[in-house]
Amino acid sequence: MRINTLLAGAVAAIALAGPALAQDVAITGGRVLTGTSVIENGTVVIRGGKVVSVGTGAAPAGLRVIDARGKVVAPGFVAVDSGLAGTEVGSVRGTNDLANRANTLTAAFDLSYGLDPWSFTLPVARLGGVTRAVVTPQHGGSGGGHSHDDSDFAGAGAGGYQTPGLFAGQAAVIKLGGSDILVKPRVAMTAPFGEAGATVAGGARGAEFVLFKETLAETRLYARNKAAYDRAALRDLSLSRADLEALIPVAEGRMPLIVTVNRAADIRQVLRLAREEGVKVILDGAAEGWLVADEIAAAKVPVLLHPLTNLPSNFEMRAARMQNAAALNAAGVVIAIKGNEGGAHRARDLRYNAGNAVSHGLPFAAAIQAITVNPARIFGFDGQFGELKPGAAGDVVVWSGDPLEPLSQPSAVLIDGVEQPLQARNLLLRDRYRTGGEGAMPPAYGN
Amino acid sequence: MLFSRLRGPSLAVLTCALGALSLSACATTGDAAPKTQTASAAPASKDRTMAPGLDGWANQDPYPSTYRGLPRQDMAIVGATVLTGAGQKIQNGVVVVTDGRIVAVGGADTPVPAGHQVVDARGRYVTPGIIDIHSHLGVYPSPGVQGMSDGNEATNPNTAQVWAEHSIWPQDPGFNTARAGGVTTMQILPGSANLFGGRGVTLRNVPSVTMQGMKFPNAPYGLKMACGENPSRVYGSRNQSPATGMGNVAGYRAAFIAARDYKDKWDKWRETGQGTPPTRNLQLETLAGVLDGSVLIQNHCYRADEMAVMLDVAKEFGYKITTFHHAVEAYKVAPLLAREGVCAAMWTGWWGFKMEALDGIEENAALTDAPEGSCAVIHSDDAELIQRLNQEAAAALSAGRRAGMNIAEEHAISWITLNAAKSIGIDKETGSLENGKRADVVIWSADPFSIYARADQVFIDGGLAYDRANPAFQPVSDFELGQPGFGQAAVGVAQGAR
C-alpha cells in the first residue's frame, strides 16, 4: 500500500515534468457536446493533434480508443479574463506579472513575456476542464485582485491593483499543456472604465472619456506622422512611443479593446464611444448589462461576464442580477462566462459559474457555448479551438457526467491531442496527508 | 438567559456544544442548568450592587434580542427526499412542524396532525437551514464603500472590546441573497486585522430594521482571534508589534495574562465583597468570558503548525478553542483537531491568494472529516459564496469521492448544517431536522448537491421567509428600493430575486 502510493507519486511527478507525445486517438461511446450541438453515442477522432471527425461511426481501426460510454465528452473550456500562468501566489507581488504599475508603459505592456508554462495554476485549472485561456492584464475594477479576508487591506482600488494609465496592457491566448503555452500574444487591449477608469483620469468619468478620445487622436496623429515624430518635429504627446505603437491597431479597429464596465449608463457611453471612434470593443463585467441588453446586441458587442455577480457591491452595480447572462443571451448578445477571482487559482470554477447561469435562466446549450465556442470566436479563434469539429485543436475532456455539475470529474483531458496527467500539486498534498499524517515517519517522507 | 446560564455549568454546555454526538445529552445538560443567575454571578448583598453599567456580570446581555420570528403555520412537508443533517436520508419523507418547532421527522407513514397544512414537496429535497459560521454581512455590506466599511477595528492588535453587532447594518441586501441560498443562521464576525478582533454575533436571517431584531436568542458570543499573515502585516507595516508570527503569539499570551488577573480580581470581590472591584474593562471582560467558557473562541488560522501553537496557547491559559476558521491546512492535522474536539471551518475552492493559503486543497473537508470525533464545517467569509454553500459542499464531496472516499450526501450536508451549529454553540437549537429543534427548513428544487438546485422555500422557525415563486416572500432591503433595475424583470424574474 505504502509502496504503491510512493510509486504513484513518483510517476505523477514525472508526468508533471516531462513532455507528453501527441497520439492519434478515438473517443467513443460518450454523449458528445461539440460546443454547438449534442451527439449521443458519439465518436471523436483526433489525428496529429487536431479533431478530424465528430460523428457516430465506429472508431477507425488501429487507433487508440478512449472508452467514454456513460460519460460526457466536451471541448476543453476556454477561460476568459484569466490570470493563468501569470501569477502564482496572489499576495506575493514578485509572482504577479498581470499588473504593471508604471505609468511610463501602459498600453504596450505585453504580459505574454511573463507567462510561466510551469505555473502550478495550470494543472489545477486543467482538472476543472480548462484547456485554453485568454490571459488578461488585471487592473482596479477587473476584480482580479480581490481575495476575501485580504481585501480589507488591499487599499489600491477595488481589485487591489491600481493601473496608472488609461490602458492596462494587452492580453494573450495560451493553452494549458506543454512547455510552449503561448498560442498568440497581443490579442486584445484592456482598459478600465466606470469607477476604476474615472480614478485613473482624476476621479470623474467625464474626464476619462475625454482623455480617452484625446489619446486616440494622439495615436492617429502619431500614426500619420511617424517620420516627423522620429525627428522630433511633432508636438509633445502624452503617451510613450511604445504605448502609441500599441494603440494603433486599437485606433484602427483591428485589435479589440476589452472594456471593464458595469454601470448601464457607462455601458451606453462606451458603446457610443466605440461607434464614434471606430473602436472594436468587448465588454467585461457588464453587471448592469441586462438593463441595456438590446443596445449591446444591436451594437454587436460581445460580453465577458461573471454570472454570480448579483449584489450592489458599489454604485455601479446596483442592478446586478443573477439573470444577467440569461437576459443578455436572450437579447442576442454573444456572452462568455468568466471564472472566479481573476481566474488564476479559481479558473476551475468556470463550469460552476456556467451551471449557475443555467439555474438562473440561461439555456444549457448557451452555457456550454459561453465557455467553449463563444470565447474562441470573440477573440478571433473561430474553429481553431473551443469546439469539437474537424480542423479544431484536439482539446477534449471526458467527464464522468454533466461537466457543469460539481459531482462530475474529468477522467481524461487532452490538449492538442496530448493526454494530460490528471495530477496537480493539490492532489499530491492530498495523497501525502490522506492517512492522517501521523505515521512513524513524518509526511515529508511520503513524497 | 443563556448567557447567565453559561456562567455556572459553562464547561458542560461548552463540551456539549463542541461536538457531543448525543444531542439528547446536550439538551439534558442545558435544561438542567438553572434558569437564573448562579450564586457566584449575582451580587450576594446590597453593598456589592454597583451603579448601572459598572458591573459586567450583573447584566450580561445589554443588547438583548428582540427577535420575534415571522408568522408561522403548522405544517407537514411531505414527499421529499429528506437529508436531516444528522446523518439520515429519508426517501418520501415527512417533516412535521408545530408552533415553529420540528415535532416529527420520518417516512411516508409518519402521521400528519390534524389542522396542519400539507406542503407537497414531491420530487424535491428538504434539508435543515444552512448555517454560515463566518460571514461579514452587515459589517462589510453591499455597497462596499468606505462609509460602510465597518468590519475591522484595525486600530490596535487587541480590540476584544468591540462587538460586531454594533457595526451591523441590517439593510445589507446580502442578507436577502443569502436567504435565497437557504441560509437561515449566520455568525457575523469582525475582520481579521487584529489578534483579537472582537465579539461576533449570531443572527437569524430575517429582515429587520434593527440588529436586535435579528439576534439569535441566547446564542453564545464568539470572540474572533486571528493567526498569521493578517495581524503581522497590518501592524508590522505600521512598525508596530506584532510584525511576526512570534509577535502574534506574544500578543495572545500577554492579553490572557491580563485577563486572568482581571477575572481573579472580580471573582474575589464577588465572592468576598472585600476591597474594590477593578474598573470595568470591556476588552478584559470579553477575554474573561473566554476563560470561563461563556465566550467561544472563533480562531482565524490557516496553517496546520499555527493551529497546533494556538492549541498550546489555549492550554497554557486554560481556555478552549471552539473552531478554527479558514483552516486551509486542517487536513494536515485532522487527527489532532479531532482529539482536541475543535471544529475546523474551511472553503473548498479558495487557495493560493496568499502564502498561508497556498496548500489549500478541495479535499480538505473530506480529509478533516475522516477521524472519529471530528467536526468539519464549510464556511463562506464572502457575500457571494454564502449564497451557494450547498455547491461548495458539493465540490468538497466530489473531491472526497475523487480521492476514493465513500462519503454519503446525508453525511456531507452536516458540513453546512449540524456541524456548523456545533461550531458556534447552537446545535441544541438548530442545525438538523430533529424533534424539538427550531423549524429552520429549506425545500430545494433538486438535490442540493446539484449545481441546478435552487432553494424553493426557506422557513425560519417555521415561518416562510423566502419563496422563489412568490414575490411577496422575496424581501427587498430599503437600500434596494428605487435603485436602477428596481421592479424590472430580468428574464421573467420579478424584483427581489437577485
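Which residue takes a positive phi in the hairpin of S1(A) and S2(A)? The first view below has the answer, A:Gly35. This is a predicted model, where local features need pLDDT of at least 70, side-chain atom pairs count only at pLDDT 80 or more, and totals for chains, interfaces and linings use all residues. Residues are numbered from 1 along each chain as its sequence is written, chains are lettered from A and ligands numbered from 1 in the order in which they are written, and side-chain values use heavy atoms, with hydrogens and water left out.

**View 1. Two hairpins of chain A.** Strands S1 (residues 25-33) and S2 (residues 38-47) of chain A pair in the antiparallel sense over seven bridges. (Strands are DSSP runs of E with at least two residues, helices are runs of H or I with at least four, and both are numbered from the N terminus; two strands pair if DSSP finds at least two bridges between them.) Look for A:Ala26, whose bridge partner in S2(A) is A:Val45. Four residues sit between these strands, and A:Gly35 has its positive phi near 115°. S2(A) also runs antiparallel to S3 (residues 50-55) of chain A, joined by five bridges. In that hairpin there are two residues between the strands, and A:Gly48 takes a positive phi near 55°.

**View 2. The open sheet of chain B.** Eight strands line up in the order S6-S7-S8-S9-S10-S11-S12-S13, with mixed pairing. At the edges are S6 (130-135) and S13 (376-378) of chain B, each pairing on one side only. Inside the sheet, S9 (residues 221-226) and S10 (residues 295-300) of chain B pair in the parallel sense over six bridges. One pair to spot is B:Met225 with its bridge partner in S10(B), B:Asn299.

**View 3. Helices H6 and H7 of chain B.** H6 (residues 245-272) and H7 (residues 282-291) of chain B pack at about 85°, with axes 8 Å apart. (Axes are lines fitted to C-alpha atoms, for helices over the stretch in contact, and angles run from 0 to 180 degrees between N-to-C directions.) H6(B) and H7(B) are therefore roughly perpendicular, a label for 65 to 115 degrees. Among the residues making the contact (heavy atoms within 4.5 Å) are B:Phe256 and B:Tyr262 of H6(B) and B:Leu284 and B:Leu287 of H7(B).

**View 4. A helix across the sheet edges.** H11 (residues 389-402) of chain B lies across S6 and S13 of chain B, running at about 130° to S13(B).

Conventions
Parallel < 35°, antiparallel > 145°, perpendicular 65-115°, else oblique.
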